[in-house]
Amino acid sequence: AAPANTDLRDELARSCARAGRPADALAEYETLLSIAPDNPDWLLGKGQALIALGRPREALAPLEKARAVSPRYEDLWRANIAALEAAGEPDLAAALATEAGRAFPDASWPREKTGALERARLVERGTRLSLGISYEDLSGGRPSWQAVTAGIDHPLDARRRILAGVNVEER
């Protein structure tokens, strides 16, 4: 498509993205943004292409710019949150999801996203305790079987965890 024909180039960029060709989509969005650098749809497309290419940190700037230009465009907020998640920034993603809840009070997705991020954070960072108790009455006059299992899983840092457990059985 001719660089000045933005409608055709926009459709080409979207088609490339739908066809699973994010590098080609990114190239088209770059050309479009050289013509209209504040177009929120093209900034969104660029951000989504960068996320698809595994470059979520690079997606943050165009997505944040697009939100500044068009703060009521919910898809921009969703993509920005997704980029933060993919970039390994769950706290920032949760904060933005909370902010989205204030910006879009009638939408359910910000609350759902905030809840999902909070649950993931607890699993990732929290200390987990587990306890299991079993009792089985055996037939044939044999003594019953009983067991108690306890475990702990605690994060040491971002890459290491300590796991411990004990199991006691009696017949």
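Modeller: A residue is called buried under 20% relative accessible area, exposed over 50% and partly exposed in between (1.4 Å probe, protein chains only). This is a predicted model, in which local features need pLDDT of at least 70 and side-chain atom pairs count only at pLDDT 80 or more, while totals for chains, interfaces and linings use all residues. Residues are numbered from 1 along each chain as its sequence is written, and side-chain values use heavy atoms, with hydrogens and water left out.

Colleague: Which residue meets the side chain of Arg9 in a salt bridge?

Modeller: The structure holds 13 salt bridges (a side-chain nitrogen of Lys or Arg within 4 Å of a carboxyl oxygen of Asp or Glu). Arg9 is buried, with a relative accessible area of 8%, and its partner is buried too, at 14%. The pair links helix α1 (residues 6-18) with helix α2, 19 residues apart, helices being DSSP runs of H or I of at least four residues. At 2.3 Å, N to O, the partner of Arg9 is Glu28.

Colleague: How far apart are the closest N and O atoms of Asp10 and Arg14?

Modeller: Asp10 and Arg14 are four residues apart in helix α1, so about one helical turn separates them. Asp10 is buried at 15% relative accessible area, whereas Arg14, at 31%, counts as partly exposed. In their salt bridge, the closest N and O atoms are separated by 2.9 Å.

Colleague: Is Glu11, which meets Arg18 in a salt bridge, buried, partly exposed or exposed?

Modeller: The side chains of Arg18 and Glu11 meet at 2.9 Å, N to O, and Arg18 counts as exposed at 60% relative accessibility. With a relative accessible area of 39%, Glu11 is partly exposed.

Conventions:
Helix = DSSP H or I, 4+ residues; strand = E, 2+ residues; numbered from the N terminus.
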